[in-house]
Amino acid sequence: MASNRATTASGNFVLTAETLNKALPKMHFTTQAVHADDFVSPHRAIAPAMHPAVNYRYARDPDELVEMENDDPNAPFDSHVYSRYTAPNSNRFEIVLKTLFHSDVVSYSSGLSAFHCMLVHLNPKRIFITEGYHGVHGVIDVVSRLSGVTKLTLDDIDQMGPGDMLHVETPLNPTGEARNLAYYKERARAVGAFLTVDSTFGPPPLQDPIELGADLVMHSGTKYIGGHSDMLCGIVVVHPDRVKEGWGEKLREDRLVLGSVMGSFEGWLGIRSLRTLHLRVTRQAQTTEALVSWLQKGVEDRNSIIGKVVSKVSHASLQKDALKEGWLQKQMPGGYGPVFSMWLRKPEHARRFASKLYVFQHAASLGGVESLVEWRAMSSKEEDPLVIRVSVGVEDLEDMKADFTQGFQALLDERS
Ligand SMILES: Cc1ncc(COP(=O)(O)O)c(C=O)c1O
């Protein structure tokens, strides 16, 4: 067995990625999420260490001094120079991500810094985008002051040409409805434009925009990748063909000078989070589909408690045309996403609903293990005052239904 293993300079046996891949070449997502980084640390601790260090001692041997290299013979896979470049926790986090996404993944300090670096990298003259997270539009406004990039909508893509950036968020915030990525890829490919996807609401194992041909895919890792409402993070996944063209390296070079690197504590939390990504997201998506279907049935019965308060529900699982055409099931084989919206009948009900709930908490972000609702008017004056966005956590479905039912009843009781 020893021949399968590498040794450190001090003669210790160490596990390598190659050894692991050779022994178990067909490891599944859930196993990879727990073991993809086993080879990184020379320490015997089962859980990763937390390394806050910014700075790393150079070799003592003057013959080993090489610019921007600092190979530690006792930590062959965990050698660093300065943490704006690489650091143990974020590096280990990226190693797990690369295995799970089957391509190069660059981590960032937030979802918006990931989008910023994508935009800087492509440096388009025009970006085609409709709706989506408002902060992304804020980044475009800032960059447009420097580069003059202009913004057009997805309805304008007939005008798209070489080097333009087509940016599609799917599923979309706050409706949870999906967009047809195969269609947008075809349109971008036909004219030599770049397709970038914000897949925050469709994390693995729900959808894989890289497989559908996206050049770059970003996630606000703050949401499902982190999953516990305790870390800010962004990631960019690079299409394997673009990795060959050096895009991953270029993104890292830009990140080094722009300084939008993720913190070490977030890297450590991120590794903890990835271990359960598949379990959390699969359960959240399944619970969402059941909850949405229950609500939809209630909406269709005007005399039910739900029907008296809610007029409409939106979610990918209710996109009848897309399901009939078949692209939706194909593009989201793992489930339709843990976010949806509902329209209440009265604005005062929409404003007061969150204060009636116990399982669901009222907050701006989403994607954690805790179920959340947001009266969308809290995020922007332009939002429809009837809309409640729901982010489904990992609690029991029956408790969620019970919470909504007593919440709707409490609103109806307020009248008397
Ligand atoms: C779809 C989407 N993209 C990007 C972002 C920005 O991510 P972050 O808050 O991590 O910067 C968010 C945040 O809510 C989001 O919902």
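Trainee: Which backbone nitrogen does the side chain of Gln331 reach?
Mentor: This is a predicted model. Gln331 is in helix H13, residues 327-331. From there its side chain comes to 2.9 Å from a backbone nitrogen. That nitrogen belongs to Leu181.

Trainee: Is Gln331 buried or exposed?
Mentor: A residue counts as buried when its relative accessible area is under 20%. The value for Gln331 is 7%, so Gln331 is buried.

Trainee: How many aromatic pairs does a search of the whole structure find?
Mentor: Rings pair if their centres lie within 6.5 Å. Applied to the whole structure, the search finds aromatic pairs numbering eight.

Trainee: What kind of pair do the rings of Phe39 and Phe77 form?
Mentor: Their centres are 5.2 Å apart, and their planes meet at 85°. Planes over 60 degrees apart count as edge-to-face. The pair of Phe39 and Phe77 is therefore edge-to-face.

Trainee: How many residues apart in sequence are the parts that the pair of Phe39 and Phe77 ties together?
Mentor: Phe39 and Phe77 each lie in the loop between helix H2 (29-35) and helix H3 (88-101). Because of where they sit, the pair ties together parts whose separation in sequence is 38 residues.

Trainee: Which class of accessibility does Phe77 fall into?
Mentor: Its partner Phe39 is buried, at 12% relative accessible area. Phe77 has 28% relative accessibility. Buried requires under 20% and exposed over 50%, so Phe77 counts as partly exposed.

Trainee: What kind of pair do Tyr183 and Tyr184 make?
Mentor: Their ring centres lie 5.0 Å apart. Tyr183 is partly exposed at 38%, whereas Tyr184 is buried at 12%. The planes of the two rings are at 70°, so the pair is edge-to-face.

Trainee: Which residues do ring pairs link into a cluster?
Mentor: Ring pairs can join up into a group, and here every member named is a phenylalanine. The cluster consists of Phe353, Phe360, Phe404 and Phe408.

Trainee: Where does the charged end of Lys312 sit?
Mentor: The charged end lies 4.1 Å from the centre of a ring, and over that ring. The ring is that of Trp343.

Trainee: Which residue has a side-chain N or O atom 2.6 Å from an oxygen atom of the ligand?
Mentor: The ligand is surrounded by 13 residues, the closest being Gly111, Asp198, Ser220, Thr222 and Lys223. Polar backbone atoms of Gly111 and of Leu112 are each 2.9 Å from a ligand oxygen atom. The side-chain contact at 2.6 Å belongs to Thr222.

Trainee: How much of the ligand's accessible area does the protein cover?
Mentor: On its own, the ligand has 390 Å² of accessible area. The share covered by the protein is 91%.

Trainee: What does the UniProt annotation say about Lys223?
Mentor: Lys223 is in the loop between strand S8 (216-220) and strand S9 (234-238). Lys223 is buried, with a relative accessible area of 16%. The unreviewed UniProt entry annotates this residue as "modified residue: N6-(pyridoxal phosphate)lysine".

Trainee: What distance separates the C-alpha atoms of Asp230 and Leu258?
Mentor: Asp230 is also found in the loop between S8 and S9. At 35% relative accessibility, Asp230 counts as partly exposed. Leu258 is 28 residues away along the chain, and the C-alpha separation is 24 Å.

Notes:
Residues are numbered from 1 along each chain as its sequence is written. This is a predicted model: local features need pLDDT of at least 70, side-chain atom pairs count only at pLDDT 80 or more; totals for chains, interfaces and linings use all residues. Side-chain values use heavy atoms; hydrogens and water are left out. Rings of Phe, Tyr and Trp (its six-membered ring) pair if their centres lie within 6.5 Å; planes under 30 degrees apart count as stacked, over 60 as edge-to-face and the rest as tilted. Helices (H or I, at least four residues) and strands (E, at least two) are DSSP runs, numbered from the N terminus. Buried means under 20% relative accessible area, exposed over 50%, partly exposed in between (1.4 Å probe, protein chains only). A charge sits over a ring if NZ of Lys or CZ of Arg is within 6 Å of the ring centre and within 35 degrees of the ring normal. A residue is near a molecule or strand if one of its heavy atoms lies within 4 Å of it. A polar contact is a pair of N or O atoms within 3.5 Å; within protein, one must be able to donate a hydrogen and the other to accept it, and residues adjacent in sequence count only if both atoms are side-chain atoms. Accessible areas come from the Shrake-Rupley method with a 1.4 Å probe; for residues, only the protein chains shown count as cover. UniProt positions are given in the numbering used here, feature names are shortened, and annotations may be inferred rather than shown by experiment.
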